[in-house]
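Student: Could you take me through one part of this model up close, and then show me what sits around that part? I'd like one connected walk rather than a list.

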Amino acid sequence: MNGMTLVEVMVGLLIGLLISGIALNALQISRTLSQITSEATALQQDANTAMRIMGRQVRQAGSVSLNLQPDVFEATALETWAPGQIPVLFEPTVENSTDAAAGSSRLPAMAAPVVAKSTGDTLLTRHENHGENLYRSSTGTVWGSQDVDCLGQNTSKQSLTSTISSTFFVREEQLMCAGVAGTPQPMIGNVKDFTVRFLAENTSVASVKIESASSLSYMAADALNSGSPAGWQDVRAVEICLELESPLAKAPDIGMAYRKCNGEWQSRRNRLVFVARSLFQVRPQGS
């Protein structure tokens with residue numbers, strides 16, 4: 001019986017090793033691409049979640065309840081108004097200013113507070129917590145509110161708060177939020193940068209003009225704080241930027257660059273980075 005020669009065995013082993021190497025390499029590439037895709041999706045979902053929560057609070061900053069039956073008018077005076085023309089009252093318990101007037105019960109609707117052990121910018125928003133009778137069942141109601149802070153809360157020490165406040169900041173690469181209860185909790189992780197800019201009407205403070213809207217200016221919190229107290233009243237929108245980086249997945253280095261939150265261009269190298277930037281309009285306030 002004729003068997004295989006040593007050369008044929010070696011050639012067979014070599015072909016088998018080549019096929020095994022190609023298969024293992026393809027498997028490794030597939031696993032790497034799967035991990036990159038999964039991590040990129042997770043970063044995008046985290047950024048979208050954070051932006052949605054912060055955007056809701058920014059849009060409501062400074063909003064107040066609408067009293068459809070104000071008691072500041074005499075009952076006889078209301079009878080003189082034509083149907084559909086009875087006045088309503090905006091209850092101004094929140095104002096868009098860092099400093100409330102002396103003796104005033106109003107609270108700042110927006111600010112950039114100093115938070116211990118935080119990195120990057122900070123953002124605080126407030127709006128009135130509108131209490132109303134909520135239907136618990138078909139037979140009864142309970143006094144409560146559908147307004148919530150960034151953590152889905154509207155009570156402190158089991159009592160309904162008069163205002164809804166949310167404070168956003170970064171600590172140890174986690175985007176944190178402190179709501180009405182006062183205890184900060186993480187929203188998302190892997191945050192490398194958190195930048196907040198305010199779009200405000202022209203004031204006396206230094207600013208950077210926008211060519212397409214000459215009456216508006218981008219301002220940092222420091223510029224607003226150094227100006228007059230009314231500077232925060234002029235804020236019309238808030239631009240929020242988040243830079244997230246995956247600690248696990250490494251993307252191929254193809255010489256690409258990305259724009260950081262501060263506007264500078266930086267080489268991506270082999271890092272998996274996601275930058276999200278959104279502009280949220282502040283809800284107009286009644287007066």
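Tutor: Let's start with Lys-192 and Glu-173, whose side chains meet in a salt bridge, with 2.8 Å from N to O. Bear in mind that this is a predicted model, so that figure is computed from predicted coordinates. In general terms, side chains of opposite charge can pair when their charged atoms come close. What makes this pair worth a look is that it links distant parts of the chain: Lys-192 belongs to strand 14, while Glu-173 is in the loop between strand 11 and strand 12 (174-178), and 19 residues separate them. The structure has four salt bridges.

Now follow the two ends outwards, beginning with the Glu-173 end. Strand 11 (residues 163-171) pairs with strand 6 in the antiparallel sense, over seven bridges. One contact you can pick out there is His-127, whose bridge partner in strand 11 is Ile-164. Zoom out a little and you get an open sheet of five strands, ordered 5-6-11-12-13, with antiparallel pairing. Strand 5 (110-111) and strand 13 (185-188) are the edge strands, each pairing on one side only.

The Lys-192 end takes you to the largest pocket, which has a volume of about 240 Å³. Its lining has 16 residues, and Ala-112, Asp-121, Thr-122, Ala-221 and Asp-222 are the closest to the centre. Two or more lining residues come from each of strand 6 (119-128), strand 14 (191-201) and helix 3 (221-226). Strand 14 is the top contributor to the lining of the largest pocket, giving four residues. As for chemistry, the lining splits into eight nonpolar, five polar and three charged residues.

One last stop, on the surface: Met-4, Leu-6, Val-9, Met-10 and Leu-13 make a nonpolar patch of about 540 Å². Of these, Leu-13 has its place in helix 1 (residues 6-60).

Notes: Residues are numbered from 1 along each chain as its sequence is written. This is a predicted model: local features need pLDDT of at least 70, side-chain atom pairs count only at pLDDT 80 or more; totals for chains, interfaces and linings use all residues. Side-chain values use heavy atoms; hydrogens and water are left out. On a 1 Å grid over the protein atoms alone, a cavity is a set of points where a 1.4 Å probe fits but cannot get out, and a pocket is an open set with protein on both sides within 12 Å along at least five of seven lines; lining residues have an atom within 4 Å of a point. Grid points are joined across faces, edges and corners, and a volume is the space filled by probe spheres set on the points. Ala, Val, Leu, Ile, Met, Phe, Trp, Tyr, Cys and Pro count as nonpolar, Asp, Glu, Lys and Arg as charged, and the others, Gly among them, as polar. Patches are made of residues with over 30% relative accessible area and no salt bridge: like charges are joined within 9 Å, nonpolar side chains (Val, Leu, Ile, Met, Phe, Trp, Tyr) within 5 Å. Accessible areas come from the Shrake-Rupley method with a 1.4 Å probe; for residues, only the protein chains shown count as cover. Two strands pair if DSSP finds at least two bridges between them.
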